[in-house]
Amino acid sequence: MREAVIYTEKLTKRFGDFTAVDHISFEVGAGEIFGFLGANGAGKTTAMRILCGLSRPTSGKGTVAGFDIYRQSEEIKKHIGYMSQKFSLYEDLKVWENMRLFGGIYGMSSRQIGEKTETILKELGFADERNTMVRKLPLGWKQKLAFSVSIFHEPKIVFLDEPTGGVDPVTRRQFWELIYQAANRGITVFVTTHYMDEAEYCGRISIMVDGRIEALDSPAALRQQFRAANMEDVFQQLARKAVRKVD
Amino acid sequence: MPAVQLRNISKSYGNLRALDSISFDVRRGEIFGLIGPDGAGKTTLFRILTTLLLADNGEAAVDGLDVVKDYRAIRNRIGYMPGKFSLYPDLTVEENLKFFATVFHTTVEANYDLVREIYQQIEPFRKRRAGKLSGGMKQKLALSCALIHKPSILFLDEPTTGVDPVSRKEFWGILRHLKEQGITILVSTPYMDEATRCDRIALIREGKLLQIDTPRRMTEQFTESLWGVRSNRMYPLLTDLRAYPEVKTCFTFGEFHHITVKADFAEEKLERYLQERGHREIMLRTLVPTIEDYYMQIAQTDTL
């Protein structure tokens, strides 16, 4: 296995007598695209919040980008990127201002920010839009830009929480090509999605049911293990076993 | 008389043309899907049909009633589930349902049969405040509230967005049962795979109606020769396929990349080409197009 960028052992989070995350153990290697799947309420968001340094686990061990999730949550925040469908960019700032802001927050120098801004605008074909207000961009453009901004500071790992919800099919695919590129550069991608065709783009997938990881392998191996024609079928078989109704 | 009729409906917000001369009919008793990404104009269309917004131009009728003149009568006959959660968060599950029944001069008991299948799933939490429910349960409560006055037409604006595949499947099962009870359903979704669960669908994008038909007839109009390709290196495969002269388009599609090819395409030649580029475990197969293939054929990418 390549160097583990995420490592957890029996990670658990309880809220009162409710166990949201129940002894999950897994590793994610550098440059891997790791799909984190599960039904609504399976515990994905809680687990992701712990890995991003936003919530302390009740028990278990874990490191992200080499930092301990109990003692070094601030360091974790500096070394990860995060993007979700709900929050990504500041609508009232221009394209370049968003980059300036995020670069500044992550402590990059003005020169670094300037260079990186040029590179990204060129890569995305956005050079003419540098002065456009983000709110004026079509959703698909926003999402692509948001992804580029989330890895602006070249983090070791980026967390993507349903990044493509509602995006049109063509843009959804362009978005995944950006993910492939980032992974090729060695950035680890940790992604949740409700599109089962997107699960196929991941190197490995975990599927959570009632707070536990019930399956973890490559898409091909999971299809074989569950004698399923596709990932949709694997997901349906597993998630239907869920007993808890609250999320 | 169709359940819903639209004739040249247009609506702009400033310079943005949200709906551009949209015309179609929804037949009585059918599940009619509006399929399109964010920003296509789906919500604007729903708001006009539910009498919450006035169109700039055109005419629309719901249940034979005019959306402008007869708006009061329409409101009594339709159920509407907006995309955003719009129940009272401070009222409990049971209070919300009772409230909606009362507003429509009926009782929960009178129409309980219609909502039983859905409401039973949230009944264990009937004393919980609606604001404290999970996403899936909010969705079920909202549907119950939209149904409790026994509407003849149901408008559902993206009821499954952000919902996991298992709950989505369940939800479509519920819609089937409502259809069997004679309710007409107009439903929007950004998920192309849900299109096949509708009797007829309209594909819309940036305020324009692209196509309207049954899902089956729509995919039959896909005229290209479609193939699926995979290998041990899926990302480089994309670039290599796009560089190949006989390949017209190439998109990722889960396990396989989908390509459309020119008339002189030869399977063995492509396989040899890919082997030369270092690909192994190559698989090539002809495919039956899906709605998503068709949508991508007729739609362009986002443009400013």
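In this predicted model, the contact between the two chains draws 31 residues from chain A and 28 residues from chain B. On the side of chain A that touches chain B, the elements that give two or more residues are helix H5 (139-150), helix H6 (169-184), helix H7 (196-199) and helix H9 (231-239) of chain A. Of these elements, H6(A) gives the most to that side, with 7 residues. Sorted by class, the side of chain A that touches chain B is made up of 14 nonpolar, 9 polar and 8 charged residues.

Away from the contact, chain A also offers a helix whose length can be checked against expectation. Helix H4 of chain A covers residues 110-124, and at 1.5 Å a residue its 15 residues should span 21 Å; because the C-alpha atoms at its ends are 21 Å apart, the two values agree. Just after H4(A) comes A:Gly125, which takes a positive phi of about 70 degrees.

Turning to chain B, one finds a division into domain 1 (4-219) and domain 2 (223-288), and the C-alpha centres of these two domains of chain B lie 40 Å apart. Within domain 1 one can follow a pair of strands, since strand S6 (residues 78-81) of chain B and strand S7 (residues 153-156) of chain B pair in the parallel sense over 4 bridges. In this pairing, B:Met81 has B:Leu156 of S7(B) as its bridge partner. Along S6(B), B:Ile78 and B:Tyr80 point one way while B:Gly79 and B:Met81 point the other way, and all of them are buried.

These four residues of S6(B) return in the surroundings of B:Phe155: leaving aside its neighbours within four places in sequence, B:Phe155 is in contact with B:Ile78, B:Gly79, B:Tyr80 and B:Met81, and also with B:Phe46, B:Leu49, B:Thr50 and B:Leu186.

How does this residue fit into the wider picture of burial? In soluble globular proteins, nonpolar side chains tend to be buried together. The largest nonpolar core here has 85 residues, and B:Phe155 is among the members that touch the most others, along with B:Leu49, B:Leu141, B:Ile185 and B:Leu186. Helix H5 (residues 135-147) of chain B gives the most to this core, with 7 residues. Because domain 1 (4-219) and domain 2 (223-288) of chain B both give residues to this core, it lies between them. There is also a second, separate core of 67 residues, which includes A:Leu11, A:Val28, A:Leu89 and A:Ala182.

Terms used: Residues are numbered from 1 along each chain as its sequence is written. Chains are lettered from A and ligands numbered from 1 in the order in which they are written. This is a predicted model: local features need pLDDT of at least 70, side-chain atom pairs count only at pLDDT 80 or more; totals for chains, interfaces and linings use all residues. A nonpolar core is a set of buried Ala, Val, Leu, Ile, Met, Phe, Trp, Tyr and Cys residues joined through C-beta atoms within 7 Å. A residue is buried if 20 or more other C-beta atoms lie within 10 Å of its own, exposed if 12 or fewer, and partly exposed in between; C-beta atoms are placed from the backbone. Domain bounds come from an automatic or database domain assignment. Two residues are in contact if their C-beta atoms, placed from the backbone, lie within 7 Å. The expected span of a helix is 1.5 Å times one less than its number of residues. Ala, Val, Leu, Ile, Met, Phe, Trp, Tyr, Cys and Pro count as nonpolar, Asp, Glu, Lys and Arg as charged, and the others, Gly among them, as polar. Two strands pair if DSSP finds at least two bridges between them.
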